[in-house]
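Reader: I have a few questions about how the descriptions of this model are reached. Could you walk me through them?

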Amino acid sequence: MQITHGKHIRCGKNVKFEDFSEIHGLCSDGLNFGDYVTISRGVMIRPSSYYGGDYGIGLTMGEHSSIGPYGYIGCSGKITIGKNVMFGPKCSLFAENHVFSDTECSIKSQGVQRKGITIEDDCWIGSNVTILDGVTIGKGSVIGAGTLVTKDIPADSIIVDKREKSIRNR
């Protein structure tokens, strides 16, 4: 396990960080873990931008929540995860998006926008789910494995990404 900028990380009781996890605390609001949180093997939590000195905002994670093995939490924008939220393996959250509207400038030089991500209480996020910036997932929702979440999900929803469309027969 690797932790950097630990003074920005706050943990409740019985918080577990499993082996090979990478936790970077350099952000304005810190990383805040409630009681009985589990960060599984190989999870990366990165609140700062790769592309310069920008501090990210951070993460708040409610009690009894867990991130499954090999998850990626990009919390440059604020990420709020409620209580009793379960993430399966290899989930990714990206709380920022590149600005790229000016074709005369490089994408890198145009910066990012950070709307943030909120996942309310009692949600189950299946394996390999990707959640993009600006999304709120309502309380009690279930997101099926492999789903790409790009817009808000109402409370008590079951969402399954149906990308396996038949275009034509051979």
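Author: Gladly; what follows is a short exchange on fold, size, sheet and surface, and please keep in mind that this is a predicted model.

Reader: What makes the radius of gyration of the protein chain agree with a compact globule?

Author: The rule takes 2.2 Å times the number of residues to the power 0.38. For 170 residues this gives a value near 15 Å, and the protein chain has 17 Å, so the two agree. The C-alpha atoms fill a box of roughly 55 × 45 × 30 Å along the principal axes.

Reader: How many helices and strands does the protein chain have?

Author: The count is zero helices and 22 strands.

Reader: Why are β5 and β8 called paired?

Author: Pairing requires at least two bridges between two strands. Strand β5 (residues 31–33) and strand β8 (residues 59–61) have three bridges, so they count as paired, in the parallel sense. One of the bridges joins N32 to T60 in β8.

Reader: Which strands form the open sheet with them, and in what order?

Author: Six strands line up as β2-β5-β8-β11-β16-β19, with parallel pairing. At the edges are β2 (9–11) and β19 (136–137), since each of these pairs on one side only.

Reader: What share of the residues is buried, and what does that word require?

Author: A residue is buried if its relative accessible area is under 20%. By that cut-off, 41% of the 170 residues in the protein chain are buried. The accessible surface comes to about 9500 Å², with 51% belonging to carbon and sulfur atoms.

Notes: Residues numbered from 1 in each chain as written. Predicted model: local features only at pLDDT ≥ 70, side-chain atom pairs only at ≥ 80, totals over all residues. Heavy atoms only, no water. Helix = DSSP H or I, 4+ residues; strand = E, 2+ residues; numbered from the N terminus. Buried < 20%, exposed > 50% of the residue type's maximum accessible area, 1.4 Å probe, protein only. Areas by Shrake-Rupley, 256 points an atom, 1.4 Å probe, with all protein chains shown as cover.
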